[in-house]
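Please walk me through this model in the viewer, one selection at a time. I would like to know what to select next and what is there.

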Amino acid sequence: MRASTSSRHILRSAKNIRTLHTTVQRQTSLASSSSSSTVNPDEIAHFSRLSAQWWDERGEFGMLHKMNPVRTQFVREKLVEMEYEDGHEDLNEAKVLEGLKVLDVGCGGGLFSESLTRLGANTLGIDASASNIAIASLHASNDPALSFTSSSLPQRFGSSVSHKGKGKLTYEHTSVEDLLAREGPNSFDVVCSMEVVEHVDNPRAFLTSCAEILKPGGHLFLSTIARTPLAYFLTIFSAEQLLRFVTPGTHTWSKYINPSELTSFFHNLHSSSSLSSPSSGEIEVKGQTMDIEVG
Amino acid sequence: MDPPENYTNRVVSLTPKSVEFMQEKIGSWDFINLDRIKFYDGIRAYDGQDNSSRISFDGTTTGSGVLAAMCENINIQSSLISKIEQLNDEIIDEEEDQPAIILDNTKVIDIEDPLNAQHTHSHSDLNEIDPSAGDEALDWPIIKLDNGEALQARLLVGADGYNSPVRKFARIESRGWQYDRWGVVGTIKMQFEDYRALGWQRFLSTGPLAILPLTDDNATFVWSSTPELAELLLKVDEVIFPHLLTAAMTLEEVDLQYIYKTLQNNPNDRSVLEDISWRLSKKDISDLEENYPLPVTELIPGSRARFPLKLSHADTYMAPRIALVGDAAHTIHPLAGQGLNMGQSDVGHLVQALEKGVDRGMDIGSTLVLENYVANAWPSNHMILGACDKLHKIFAVQWTPFVYLRGFGIKTLNSLGYVKDLMVQTISGK
Ligand SMILES: Cc1cc2nc3c(=O)[nH]c(=O)nc-3n(C[C@H](O)[C@H](O)[C@H](O)COP(=O)(O)OP(=O)(O)OC[C@H]3O[C@@H](n4cnc5c(N)ncnc54)[C@H](O)[C@@H]3O)c2cc1C
């Protein structure tokens, strides 16, 4: 089956992006941090089962497993491209992610976070679902090569393994908005949010937080599922288009975000920030659409 | 380490592709002992029951001018060890990674899947990891060694030969059959160094017999034979044996049967020497010089050995955290000298898949990484296995009408350039 085309956009954040005044809305109501010092064996067994399902390459999440290498490669290649553009001629391409502080927003079971960490990034994976964080943590703790620490799970899960790994991996049950409030802006070299933006209630606020937590000159990677089969595309898209026509301004962001919409969103963000700060930097949007073969 | 003075009997024909792989990709060719490598330009193959049915394979088809290189297994092995040592030195200098560890003279006695293993210890303390049992939460196979140690691996590569314990652990089915043939090998000396630098192969009804050149006047032979003949070949007096080889490359099969019979009665019966030279004297000298290998003059004492010949192919080369390469994945009839070369090509494909996985931050034990390997390696191996099997079967038939057809086929094949080129490309790996 030749299926969904996903497109990814990379944004070089403006130097002044943190000066934006945007309402930050929490995407989901979050339970307070789930960290508890005692997890009983039943719970461990429960999460082990979930984790096994999540990480089953041929199972329910098989599609995600197939997509993961593609998006990892994309991130790596784009970072390499950026580095060359910035004049770093003597770049070691294999190590382009090494030592970077990377935030994976909506990390799910941790597929992408683990990949980034293997490539040398110091990765923080966050997710609004406590269960996802448990699944991801359990899985990561089982790979000695990932120096893994968890701020939301007890020792057995979070035990940082002594093996020498390239990057550090941490998971936390939180939202990007809370993280921004706690860590402040300018905190990460790279922010990624893969196939998440179409699921959040207020994409504008969500993306604004993602942009703010990024360091100046940092990179934001977003991906969203675009609907390729023509009929499907037309149905969904025209409905949303229509909606936008009816209520201009309020529904710029549909649940089915299209690559060109993402691009224009960031252009808008750019122009509104220019208004508030005349000395704004450049925003450059690069996108790529790729086909993924699903066997 | 200096090589043994005489050539060892475990010798393989390396295709240009394998050599290139060792040069460009592995970098082990820098450490090969080139004094013990013989590049040769072509193979002259002919039918045991119709010597005029001939086919030649030449290196010109491969573009390099060289068809293949004869090389002792031990030469490859020591070059690989030297390369590993060199890489380890670099790793230690750069303090980047852990050096590779080689455990010599150590046998794998058991392989366990920690997730299915019966754990006897209690689960009272989940933070405690029992090192000898491995980490039971980790789905990495545990390899138990006869020195009492255990290893737990993200990816276990089974390069452990035909009886592969790794393949059995992974419950990967391997299908195939015994040929009821043995490959008798040995090291010999020819009358003098042959400037022709050719391999010779004769398709006898008992199986193909090949003489392949080594440096100077040295050569090696692989004689695929029925169980009875193989037994005889190992017993025949070391002085008679070289002449028997010459006879087997040259004389009519009926003559050979007669000679075998004499030797079966007494493997030391030197009267066959006279018989052989008399029969050879009836041959046309210029034909002998042009179309046959030089006479064999010496057998290196104690160099004869035999191996059972079989065909097998594993259904797949992977399972989660498992990859099979080489004879663990496939065993082939040695008539086209492909076994080790196929293993090299496996390793090439596996490395490619692993590199891709590493590039993308994947867990290299994942089947998503390994499936690229299988997809690239399995089909071409299957084709080569099938081709060699068919060749064996065609030539193992003695029925006369078929022999005529076969002769016709081989002549036609020789003139049908493109079919032949295809075969050479398979044989030389290009
Ligand atoms: C007569 C003959 C002639 C041949 N001629 C050619 C030729 O001209 N060209 C060519 O390309 N190929 C040739 N081959 C084939 C070639 O020799 C094999 O394909 C090749 O050796 C396979 O290599 P391998 O490493 O996969 O397996 P093997 O050589 O079988 O090595 C397997 C290794 O695994 C080890 N092992 C197994 N079990 C355990 C355990 N439990 N613990 C620890 N170690 C273990 C064994 O000790 C062995 O060292 C020939 C074969 C024969 C029989």
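A crossing of two helices is called left-handed if the near helix is turned anticlockwise from the far one by less than a right angle, and right-handed if clockwise. Keep that in mind for the first two stops; note also that this is a predicted model.

**Stop 1: helices 4 and 6 of chain B**

Select residues 227–235 of chain B, which form helix 4, together with residues 253–265 of chain B, which form helix 6. Their axes come within 10 Å and cross at roughly 65°. By the definition above, the crossing of helix 4 of chain B and helix 6 of chain B is left-handed. Now show the side chains at the contact. From helix 4 of chain B, display E228(B), L229(B) and L232(B); from helix 6 of chain B, display Y260(B), L263(B) and Q264(B), which they meet. Sorted by class, the residues of this contact are four nonpolar, one polar and one charged.

**Stop 2: helices 5 and 7 of chain B**

Move to helix 5 of chain B, residues 241–250, and add helix 7 of chain B, residues 271–281. Here the axes come within 10 Å and cross at roughly 35°. The crossing of helix 5 of chain B and helix 7 of chain B is left-handed. On the helix 5 side of the contact, select H243(B), L244(B), T246(B), A247(B) and T250(B); on the helix 7 side, select L273(B), I276(B) and L280(B). The residues of this contact divide into five nonpolar, three polar and no charged.

**Stop 3: the ligand**

Centre the view on the ligand and display the 21 residues around it. Which of them come nearest? They are S13(B), V108(B), D327(B), G337(B) and L340(B).

Next, look at the polar atoms. An N or O atom in the side chain of D327(B) is 2.6 Å from an oxygen atom of the ligand. A polar backbone atom of S13(B) is 3.1 Å from an oxygen atom of the ligand. For N341(B), a polar side-chain atom lies 3.1 Å from an oxygen atom of the ligand. Turn on the ligand surface: taken alone, the ligand exposes 1000 Å², and the protein buries 68% of that.

Finally, colour the shell by element. Strand 1 (11–14) and helix 9 (339–359) of chain B are the elements that give two or more residues to the shell. Helix 9 of chain B provides the largest share, three residues. Coloured by class instead, the shell shows nine nonpolar, eight polar and four charged residues.

Terms used. Residues numbered from 1 in each chain as written. Chains lettered and ligands numbered in written order. Predicted model: local features only at pLDDT ≥ 70, side-chain atom pairs only at ≥ 80, totals over all residues. Heavy atoms only, no water. Axes fitted to C-alpha atoms, helices over the stretch in contact; angles between N-to-C directions. Helix = DSSP H or I, 4+ residues; strand = E, 2+ residues; numbered from the N terminus. Contact = heavy atoms within 4.5 Å. Nonpolar A, V, L, I, M, F, W, Y, C, P; charged D, E, K, R; others polar. Near = heavy atom within 4 Å. Polar contact = N/O pair within 3.5 Å; in protein donor to acceptor, adjacent residues only side chain to side chain. Areas by Shrake-Rupley, 256 points an atom, 1.4 Å probe, with all protein chains shown as cover.
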